[in-house]
Amino acid sequence: MQRAQVQIHHHHAGLWAGYDVYPQFPPTASGPEELKECSGHVFVDSVPEFCLPETELLDLSTVDVILISNYHCMMALPYITEYTGFTGTVYATEPTVQIGRLLMEELVNSIERVPKAQSASMWKNKEVQRLLPAPLKDAVEVSMWRKCYTMPEVNAALSKIQLVGYSQKIELFGAVQVTPLSSGYALGSSNWIIQSHYEKVSYVSGSSLLTTHPQPMDQASLKNSDVLILTGLTQIPTANPDGMVGEFCSNLAMTVRNGGNVLVPCYPSGVIYDLLECLYQYIDSAGLSNVPFYFISPVANSSLEFSQIFAEWLCHNKQTKVYLPEPPFPHAELIQTNKLKHYPSIHGDFSNDFKQPCVVFTGHPSLRFGDVVHFMELWGKSSLNTVIFTEPDFSYLDALAPYQPLAMKCVYCPIDTRLNFIQVSKLLKEVQPLHVVCPEQYTQPPPTQSHRTDLMIDCQPPAMSYRRAEVLTLPYKRRYEKIEIMPDLADSLVPLEIKPGISLATVSAVLHTKDNKHVLQLPPKPPQPPASKKRKRVSDDVPECKSLKPLLSGSIPVDQFVQTLEKHGFSDVKVEDTAKGHIVLLQEAETLIQLEEDSTHIICDNDEPLRVKLRDLVLKFLQKF
C-alpha cells in the first residue's frame, strides 16, 4: 500500500533472545568475564536482552498503521512506539490489549525483581562473536538487542492502541478499509482483511481450527481474496495438541503418585486455561484430588479474572454459561474448592502455604527469569520431580542447558493449536484466494525431514514466498475507483436506451476529491452579471461550464452512405479503403470524407455550405445523446 503503510506484527517480533545464567559458573579460562561455561555449553552472563523487529529496512516513522494479530505478537510494541519516531495508530481487540498488558507486566516484573549488576557487550563485537561456539556465533543482529522496557513505557505504548471489535470496518485515510476477524487461536486473536472497493488482501496469522476456549475462526470472510498472506503456522507440525494434552495429564499424574513435584513453565494466559480445564476433568478419575495446584505469576489473579469476563470473545458453549450464570471456565471452581491457588510470587503467602508434592505453573517458559528459576534449582536434584514443557516457543534443550547436569525428569509436550499443513490445505481449498504469499520455510519440507513433502504448503498457483528483509510486489493492481454521484445530479440525468437493456446518459459534473473519496457534483450555474464593481475574490472562481455538443455513436455503412450522396446529387463518388477505415472522394466537388472507427473528417476547399450539407448527411447515420 503506498501512502497508507500498514505494518502487521509478525509472530516472532520481539521474542526475548538473551541468555542469562543464574547458577554462577567459573569464567572460562580464555573468555572474558561475561561468558560462562556449563556442561560444555557457553553462555552470556548478563541481563536478559530482547531481539527487536526489523527496523533497518523500514523507517517506522513513515508507518501509518500497525495491526496486531494476537497478544503474543505485541511484545515488542513499546520499543516501536517509544523509540522509533512512530506516530501512527495501532489497532487491536480488547482482550489482546489487556492480556498483552499482563504478559508485558509479568516480563518487566520478573526482570526487575532480579537485577543483575552486569550487562555483557564485549561478546557482541563481530570479531569476538565469530570465534564463539554455536549458538552464540549464529545469533542474528546482536547489536540491535535491547534490555527490557519499563512499566511506564508499556503504559505509554498501550495508550496509543485503538480498540476494535470483530468484523468492525475501520477506514484508513479513505484509501482502504481494515477489518479484524476471529482467528480462533487466543482470546481476541485476529486475522485482518485490508480492502479497497475492488481489491482484497487477507492477512492470516496465528489461527486455529481446533475447538478450544476462544471464538471459532471466521473462514467465510476470507473468501474472494486477491492475495492471502499466510504466516504464524504451528511450530511443531508433527505433534497433535489433543495427544499432547493427554500425555501432559498422564505424566503429571505418574509423577505426583510417585511422590514427586511437577513444574510447568508457562505464560500467564492462553494454553494454561485449557490445561487447567483438562486437569479439572482428569483430577478425580486419576485420584489427584488432594494434590495442590499453584499458579505463580505477578499477574496470576488478573489473568484468571480476565478469562471469566471476556464473555463475548469466548467459544459458544462458554458464552452460554455466562448467562446461566456459571463461570465459563472450571478454574473458578478449582479456586473455590482450594485445589488451585494463585500467588503473585514465591515470597509471602506462598512460602507459608507451600505443600509438596504439588504442581506449579509459573513463568518464564525460557527458564531464564521468573520464579521458574527458583523451582528448577529447588527440584532439579531429584529424579522424582518432573518439568513438563508445553509452550512451543523455545527449544526445551536450550532452556535446560544452563541447569545441567539435572536429575529431574524432563517431558516435552508442546501444545500448539495453530494451523498445521493439512488444515492449511483444507482452508485454502475453501477460501480459494487468487494468490498465496508465505515465508519461504513453508514452501519446502523441514531441513531435518527433507522427505516429508506433506509438511509444506501445497496450493495452486504455487505460493509466492519471501525471506527475511525481502521486499515483495503483490500481484495485483488498483484498476478502478468508486465514485459517488450526488442525488441532485443523479436526478438531472436522462438515460437513453441504445440497445435492449443498455442505457446511456451523459454527465457534466465537477469531480470533488478529498481523503481518497470521489464525488460528482452538479456543475455551477453560469455566473450572474455583477451588481457592483467590487473585485471578485479568488475563492469565488468556479470552473465555468460550457454548453456541450451532443455526443454521437454508431457506425456509418459505406455503401448506404454512397447511395445517399448520389440521391443528393453527388455523382462520380469513389471509395478507397485505408488501414483505419475508408475515404470517400467526391471528385467533382474536390472534396474528401475520411470515415474512421472513431472519427469522421470532411475536407473541402472553402465551401462552408457544402461542408454543412455533407455533415448533416453523415449525422443521419449516427445516434445523438
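The following legends describe close-up views of a predicted model.

**View 1. The aromatic pair Tyr343 and Phe350.** A search of the whole structure finds 19 aromatic pairs. One of them joins Tyr343 and Phe350, whose ring centres are 5.3 Å apart. The angle between the two ring planes is 65 degrees, and the pair is edge-to-face. Planes over 60 degrees apart count as edge-to-face, which is why this term applies here. Tyr343 and Phe350 are both buried.

**View 2. The aromatic pair Phe375 and Trp379 in helix 11.** The ring centres of Phe375 and Trp379 lie 5.0 Å apart. Their planes meet at 50 degrees, and the pair is therefore tilted. Both residues belong to helix 11, which covers residues 372-379. Phe375 and Trp379 are four residues apart in this helix, or about one turn. Phe375 is buried, and Trp379 is buried as well.

**View 3. A cluster of aromatic residues.** Ring pairs connect Tyr294, Tyr343, Phe350, Phe354, Phe375 and Trp379 into a cluster. Among its members are Tyr343 and Phe350, which form the edge-to-face pair of View 1. The cluster also includes Phe375 and Trp379, the tilted pair of View 2.

**View 4. A charged side chain over an aromatic ring.** This view shows Lys318 together with Phe329. The charged end of Lys318 sits over the ring of Phe329, at 4.9 Å from the ring centre.

**View 5. The cis peptide bond before Pro135.** The bond that leads from Ala134 to Pro135 is cis, and its omega angle is near 0 degrees. Pro135 is located in the loop that runs between helix 3 (126-129) and strand 7 (146-147).

**View 6. The cis peptide bond before Pro461.** Between Gln460 and Pro461 the peptide bond is cis, with an omega angle near -15 degrees. Pro461 is placed in the loop between strand 20 (435-439) and strand 21 (464-466).

**View 7. A positive phi angle at Ser39.** Ser39 is a residue other than glycine, and its phi angle has a positive value, near 45 degrees. The loop between strand 2 (35-38) and strand 3 (41-44) contains Ser39. The relative accessibility of Ser39 is 45%, so this residue counts as partly exposed.

**View 8. A positive phi angle at Phe173.** Phe173, also a residue other than glycine, has a positive phi angle near 55 degrees. Its position is in the loop between strand 9 (170-172) and strand 10 (176-182). Phe173 counts as partly exposed because its relative accessibility is 43%.

Definitions and conventions:
Residues are numbered from 1 along each chain as its sequence is written. This is a predicted model: local features need pLDDT of at least 70, side-chain atom pairs count only at pLDDT 80 or more; totals for chains, interfaces and linings use all residues. Side-chain values use heavy atoms; hydrogens and water are left out. Rings of Phe, Tyr and Trp (its six-membered ring) pair if their centres lie within 6.5 Å; planes under 30 degrees apart count as stacked, over 60 as edge-to-face and the rest as tilted. Buried means under 20% relative accessible area, exposed over 50%, partly exposed in between (1.4 Å probe, protein chains only). Helices (H or I, at least four residues) and strands (E, at least two) are DSSP runs, numbered from the N terminus. A charge sits over a ring if NZ of Lys or CZ of Arg is within 6 Å of the ring centre and within 35 degrees of the ring normal.
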